[in-house]
Amino acid sequence: MERPYILHMFTPGRQMSPFDVNMAADAGYQVIAPYCDVTLDDITALTQDAIFSRGPKGVARTGLFIGGRNAMLAADMLERARASMVKPFVVSVMADPSGAYTTAAAMVACTEAALQKQHGHGLTGLRLVVLGGLGPVGRIAGVIAAQAGARVSLSSRSGAAAAEAAAQETGTRFQVALHGVSGADHAAVRASLADADVVLACAAAGVQVVSPEDLKAAKRLKVAADVNAVPPEGIAGVGVMDDGKPLAGSSAVGIGALAVGNVKYQTQHRLLVQMRESDKKALVLGFPEAFATARAFLAERAAGETA
């Protein structure tokens, strides 16, 4: 009798995300066990309980998933789980807090693809502003973009001091250069847009962070991406289905929430399937792996469109 595929799902929150549970089931996991109110100090014991009970064959069919809403804590939990394993009891582990890793990866990958299509280059050297940059998606999108060569500023409605503090904390944690800028009012937003080649809107659902008047300040803008699917649009004129559509009132193209969301879904599904199918080698999957997977999906899609 073959052993079942088991996914142990850890979250610091009061409940595991139903979205992530559904994704795990659709990726082929047969037993899905959520654990709530998990602290960083709980990870070692939970990980070792999960791996030592199954033997080498069972370990190959065991995975760990780290959720929650805190992108920094999830990264620490991922590292703690990896360090808690003892060969040959080593299992695959993936982190995607509140979908932030796969959403940020999809957003930056879509932006990069649009730049390549429209201008023949990627993010290297470009000025990129993340509006709503203190949330989990905004922070990780900023890190991924910085790793891809962009000059990244995190913007916050709480002002420059809060944004700079978050930029320094996040940049230090992930070893990239990030800067903080104010998004406290329209004047501050327009000042940051004036120098921006790319803007990523990662603010709360239903909040418009870039108005039509704000767009007039964005003379250099090449790509505007928005993950808000709740009206009004986060960036004026960017529809949820837009995928490289010219953005009225600017020289940029827009990428909407559902275009990003499709790539996010495909990315998370592929990562979960990779974990389940990786019988020979245990995987550690964080946002760098999510970004690589999102890039690969977009490259395959583009090749299919030109075939």
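The exercises below work through a predicted model, each with a solution in steps.

**Exercise 1. The open sheet**

Task: Determine the order of the strands in the open sheet of five strands, and find which strands stand at the edges.

Solution. Begin with the order, which is β2-β1-β3-β4-β12, with parallel pairing. Next, look at one pairing inside this order: β1 and strand β3 (residues 62-66) run parallel and are joined by five bridges, and within β3 the bridge partner of Met9 is Phe65. Finally, turn to the ends of the order, where β2 (31-35) and β12 (284-285) each have a single partner strand, so that one side of each is left without a neighbour in the sheet.

**Exercise 2. The surroundings of Thr11**

Task: Establish where Thr11 is found, whether Thr11 is buried or exposed, and which backbone nitrogens lie by its side chain.

Solution. In the first step, place the residue: Thr11 belongs to the loop between β1 (6-10) and α1 (18-26). In the second step, consider its accessibility; the relative accessible area of Thr11 is 2%, and because buried means under 20%, Thr11 counts as buried. In the third step, examine the polar atoms of the Thr11 side chain, one of which lies 3.0 Å from the backbone nitrogen of Gly13, while the backbone nitrogen of Gly68 lies 3.4 Å from a polar atom of that side chain. Both pairs can be set against the cut-off for a polar contact, which is 3.5 Å. To complete the picture, leave aside the neighbours within four places in sequence; Thr11 is then in contact with Met16, Tyr35, Cys36, Asp37, Val38, Gly67 and Gly68.

**Exercise 3. A β-α-β unit and the core**

Task: Describe how β6 and β7 are paired and connected, and then follow Val152 and Gly142 into their contacts.

Solution. Start with the strands: β6 (residues 151-156) and β7 (residues 178-182) pair in the parallel sense over five bridges, and Ser153 stands opposite His179 in β7. The connection includes helix α7 (residues 160-174), which together with β6 and β7 makes a right-handed β-α-β unit.

Now take the core. The largest nonpolar core has 81 residues, and Val152 is listed with Tyr101, Leu123, Leu128 and Leu200 as having the most contacts inside this core. Helix α5 (residues 100-119) supplies the largest share of this core, 11 residues. Apart from this core lies another, of 17 residues, which includes Val189, Ala196, Val199 and Leu221.

The contacts of Val152, not counting residues up to four places away in sequence, are Leu128, Val130, Gly142, Ala145, Ala146, Ala177, Leu178 and His179. One of these, Gly142, is found in helix α6 (residues 136-147) and is buried, with a relative accessible area of 0%. With the same exclusion along the sequence, Gly142 touches Val130, Val152, Leu154 and Leu178. For the pair Gly142 and Leu154, the separation is 12 residues in sequence and 7.0 Å in space, C-alpha to C-alpha.

**Exercise 4. Cysteines**

Task: How many disulfides does the structure hold, and why does the pair Cys110 and Cys202 not count as one?

Solution. The structure holds zero disulfides. For Cys110, the nearest cysteine sulfur is that of Cys202, 12 Å away; because a disulfide requires the two sulfur atoms to be within 2.5 Å, this pair does not qualify. Looking from the other side, the nearest cysteine sulfur to Cys202 is that of Cys110. As for accessibility, Cys110 is buried, with a relative accessible area of 5%, and Cys202 is buried as well, with a value of 11%.

**Exercise 5. Leu215 and the hairpin**

Task: Locate Leu215 and its contacts, and describe the hairpin of β10 and β11.

Solution. Leu215 lies in helix α9 (residues 212-215) and, at 4% relative accessibility, counts as buried. Not counting residues up to four places away in sequence, Leu215 touches Val210, Leu221, Ala236, Leu247, Ala248 and Gly249. The last of these contacts leads to the hairpin, which has six residues between its strands and in which Gly249 takes a positive phi near 85°. Strand β10 (residues 243-246) and strand β11 (residues 253-255) run antiparallel and are joined by three bridges, and Pro246 has Val253 in β11 as its bridge partner.

Note on methods: Residues are numbered from 1 along each chain as its sequence is written. This is a predicted model: local features need pLDDT of at least 70, side-chain atom pairs count only at pLDDT 80 or more; totals for chains, interfaces and linings use all residues. Side-chain values use heavy atoms; hydrogens and water are left out. Two strands pair if DSSP finds at least two bridges between them. Helices (H or I, at least four residues) and strands (E, at least two) are DSSP runs, numbered from the N terminus. A crossover is right-handed if, with the strands pointing away from the viewer, the path from the first strand over the helix to the second runs clockwise. A nonpolar core is a set of buried Ala, Val, Leu, Ile, Met, Phe, Trp, Tyr and Cys residues joined through side-chain atoms within 4.5 Å. Buried means under 20% relative accessible area, exposed over 50%, partly exposed in between (1.4 Å probe, protein chains only). Contact means heavy atoms within 4.5 Å. A polar contact is a pair of N or O atoms within 3.5 Å; within protein, one must be able to donate a hydrogen and the other to accept it, and residues adjacent in sequence count only if both atoms are side-chain atoms.
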